[in-house]
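Colleague: Hi, have you got a minute to walk me through this one? I'd like to hear about the helix packing and a couple of side chains.

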Amino acid sequence: MQYSSFRLPLFRNMCKVAKSTPPPIAIFGIEGRYVSALYSAALQMKQMEQVEKHLQALQKELVKPTIIDFIESSMISAGDKAKLMKDVGEKAGMPPAAINFLFVVAENGRLKLLRRMITLFSTVMVAHRNEALCEVITAKPLDDSTRKTLMEALKKFVKGKNITLTEKVDSSIIGGLIVGIEDKHIDMSISRKVQMYTDLIKQAV
């Protein structure tokens, strides 16, 4: 019970902030409650970008076997896990909102949901910045003219949102491009057309 004096006021404070400043999109479930509290606390403390950056870095560590064993271990108490998460956050230079979040999640026995919480927080941050994430795959790097034309076309799909474009090169598509934007997937690659015609020929035979 050595953490009670820290945990309870902190958790109530985070929840109180969450009610006054809800996320820009509706989120649900246990993960949604924690992420709502984190979003509101980070917004009030002006730590949004720092929290996002540190949690994304932490997300990469959470898939390591030793970390998974730590999270799933029933031999380590929730209080000890919370203290360790707090220490890790402080040593990593995380902002207070992120440290408090990790402490509360661990103390309440919710570390198994942490990866999903971080993913959900990233989704909330995309909405917070009014962004539309777009990935384009081409057989060779885009030139400036093609990129400009593509961006103008993509703007028609996202209704005023800011486009964050990620470009990837995959020579196996032969030519054309594959575009993923929000929940849309558009395959205009030559390899796709070749496969389509190959399937048609097989059916005819």
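**Glutamates and helix packing**

Modeller: Happy to. Let's begin with E52, which sits in helix α3. Keep in mind that this is a predicted model.

Colleague: Sure. Is E52 buried or exposed?

Modeller: E52 is buried, because its relative accessible area is 9% and the cut-off for buried is under 20%.

Colleague: Which side chain does the E52 side chain make a polar contact with?

Modeller: That of R129, at 2.7 Å.

Colleague: And what else does E52 touch, leaving out residues up to four places away in sequence?

Modeller: With those left out, E52 touches F121 and M125 as well as R129.

Colleague: Nice. Let's move on to packing. How do α3 and α6 cross?

Modeller: Helix α3 covers residues 48–61 and helix α6 covers residues 96–107. Their axes come within 9 Å and cross at roughly 45°.

Colleague: What do you call that arrangement of α3 and α6?

Modeller: Oblique: the angle is roughly 45°, so α3 and α6 fall outside the parallel, antiparallel and perpendicular ranges. The crossing of α3 past α6 is right-handed.

Colleague: Which residues meet there, between α3 and α6?

Modeller: From α3, V51, L55 and L58. They meet A97, A98, F101 and L102 of α6. By class, that contact of α3 with α6 has seven nonpolar residues, no polar ones and no charged ones.

Colleague: Now the other neighbour. At what angle do α2 and α3 pack?

Modeller: About 130°, with the axes of the two helices 8 Å apart. Helix α2 spans residues 29–44. This pair, α2 and α3, is therefore oblique too.

Colleague: Who makes the contact between α2 and α3?

Modeller: On the α2 side, L38, Y39, A42 and L43. On the α3 side, M48, V51 and L55. Here again the α2 with α3 contact divides into seven nonpolar, no polar and no charged residues. Notice that V51 and L55 take part in the contact with α2 and also meet α6.

Colleague: Good to know. Changing topic: where does E90 lie?

Modeller: E90 is in helix α5, which runs over residues 78–91.

Colleague: How accessible is E90, and what does its side chain contact?

Modeller: E90 has a relative accessible area of 42%. Partly exposed means between 20% and 50%, so that is the class E90 falls in. Its side chain makes a polar contact with the side chain of K86, at 2.9 Å.

Colleague: Great, thanks for the tour!

Notes. Residues are numbered from 1 along each chain as its sequence is written. This is a predicted model: local features need pLDDT of at least 70, side-chain atom pairs count only at pLDDT 80 or more; totals for chains, interfaces and linings use all residues. Side-chain values use heavy atoms; hydrogens and water are left out. Axes are lines fitted to C-alpha atoms, for helices over the stretch in contact, and angles run from 0 to 180 degrees between N-to-C directions. Helices (H or I, at least four residues) and strands (E, at least two) are DSSP runs, numbered from the N terminus. Angles under 35 degrees count as roughly parallel, over 145 as roughly antiparallel, 65 to 115 as roughly perpendicular and the rest as oblique. A crossing is left-handed if the near helix is turned anticlockwise from the far one by less than a right angle, and right-handed if clockwise. Contact means heavy atoms within 4.5 Å. Ala, Val, Leu, Ile, Met, Phe, Trp, Tyr, Cys and Pro count as nonpolar, Asp, Glu, Lys and Arg as charged, and the others, Gly among them, as polar. Buried means under 20% relative accessible area, exposed over 50%, partly exposed in between (1.4 Å probe, protein chains only). A polar contact is a pair of N or O atoms within 3.5 Å; within protein, one must be able to donate a hydrogen and the other to accept it, and residues adjacent in sequence count only if both atoms are side-chain atoms.
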